[in-house]
Amino acid sequence: MFRMIKKVLAGVLLIAALLSTACTKKTEETKEPALLLGFSQIGSESAWRIGNTRDIEESADKYGISLMLENANQKQENQIAAIRRFIAYKVDVIAFSPIVEEGWDNVLMEAKDAGIPVILVDRDISTEKEGLTTCLIGADFYKEGVMAGEYLIRKADSLGMEQVNIVEITGTENSTPMRQRQAGFFDAIAGDERMTVLESIDGDFLKSRGEECMRYLLKTYGDTIDVVFSHNDEMTLGALPEIEAADFAPGTDIIIISIDGGQEAIDVLKQGKINCVVECTPKLGRELMETALLLKAGEEVDKVIHPEEQIFSDETDVSQIAPRGY
Ligand code: AHR
């Protein structure tokens, strides 16, 4: 009798479990996403970019936003094709990080004609046309360049340097961070007669290019180089082994200034081989999702959203910098 009751109970529990799974499945299936967002990412050229993609994916999940993410593998034509696919798919909002500033007018006109709002993430575009995009969510690259230049002036003062020879390894030509970081840095050092930029060379934000550029710069300018100003951590990390292979001590014989503030560069800063890292945060996902939701609701949004950023350098105790998450 007892066995029989147990069997019936087990049967009832099994049916209850099956029913509850079916119900959960149904709720999940019928749950509508808050909106459909098409996002064209530049590529995977740096730890920064990989962290940025991860942050956007995680934020979309958190906000219940369905994300169509396309990686353009560093090609503008792939980004244009992705935006066209988003338009054909009738997404609610389009977002993209333009690899360079020029060349977007036609595809953005198509998005405008389709009534789909466009958000710029990380980088800006250059256009004569009004109203192609709604807003820009990204770092103040000009300010980052200024912070780097001002650090260098303080460093030169503290070392009593009379002449400062700089080589600059820049990010992708015609991209917003390349243009603005350079402009900010040059403006900051312009009034200081000790400063000479020996050469600016395009490192395309890539580690392999940072390596090649540094090899060339060392061959050309040898021990006259006092400073390397590199537009991102990836290129800096490529340049450092070349400097050591040429028998110079980075951080001591040559002042190293980098931008991004990823974990690997911060670890090297702690070892004293990088002197200064200006932060550029890739964590733009929350702002992106909140802005997309506002646009879907037909609300006004801020034209420019810059995250707060800081500087890490040998002027302070760097041993306690918290884990960076990218
Ligand atoms: O646009 C931001 C820049 O792009 C970051 O500094 C760099 O690391 C990335 O590739």
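**Briefing: two domains, two sheets and a helix pair**

Helix α5 (residues 141–159) packs against helix α6 (residues 176–189) at an angle of about 35°, and the axes of the two helices are 6 Å apart. The model described here is a predicted one. Its protein chain is assigned to two parts, namely domain 1, covering 36–139 + 282–309, and domain 2, covering 141–280.

**The α5 and α6 pair**

- Where α5 passes α6, the crossing is right-handed.
- On the α5 side, the residues that take part are F141, Y142, E144, G145, V146, A148, G149, E150, L152 and I153, and they meet T176, P177, Q180, R181, A183, G184, F185, D187, A188 and I189 of α6.
- Sorted by class, this contact of α5 with α6 is made up of 11 nonpolar, 5 polar and 4 charged residues.

**The sheet with mixed pairing**

- One open sheet has 6 strands in the order β7-β6-β8-β9-β10-β12, and the pairing within this sheet is mixed.
- Its edge strands are β7 (195–202) and β12 (311–313), each of which pairs on one side only, and from one strand to the next the twist averages 15°.
- Within this sheet, strand β8 (residues 227–230) and strand β9 (residues 255–260) run parallel and are joined by 3 bridges, with V228 standing opposite I256 of β9.
- Helix α8 (residues 233–245) lies across four strands, β6 (164–170), β8, β9 and β10 (276–279), and runs at about 155° to β9.

**The sheet with parallel pairing**

- Another open sheet of 6 strands follows the order β2-β1-β3-β4-β5-β11, and its pairing is parallel.
- Because β2 (66–71) and β11 (304–305) stand at the edges of this sheet and each has a single partner strand, one side of each is left without a neighbour in the sheet.
- Strand β3 (residues 93–96) is connected to strand β4 (residues 118–121) by 3 bridges, the two strands running parallel, and the bridge partner of A95 in β4 is I119.

**Domain 1 against domain 2**

- The C-alpha centres of domain 1 and domain 2 are separated by 29 Å.
- In the contact between the domains, 15 residues of domain 1 meet 17 residues of domain 2.
- About 1400 Å² of area is buried between domain 1 and domain 2, and carbon and sulfur atoms contribute 50% of that area.

Key
Residues are numbered from 1 along each chain as its sequence is written. This is a predicted model: local features need pLDDT of at least 70, side-chain atom pairs count only at pLDDT 80 or more; totals for chains, interfaces and linings use all residues. Side-chain values use heavy atoms; hydrogens and water are left out. Two strands pair if DSSP finds at least two bridges between them. Axes are lines fitted to C-alpha atoms, for helices over the stretch in contact, and angles run from 0 to 180 degrees between N-to-C directions. Contact means heavy atoms within 4.5 Å. A crossing is left-handed if the near helix is turned anticlockwise from the far one by less than a right angle, and right-handed if clockwise. Ala, Val, Leu, Ile, Met, Phe, Trp, Tyr, Cys and Pro count as nonpolar, Asp, Glu, Lys and Arg as charged, and the others, Gly among them, as polar. Domain bounds come from an automatic or database domain assignment. Buried area is the accessible area (1.4 Å probe) that two parts lose on being put together, summed over both.
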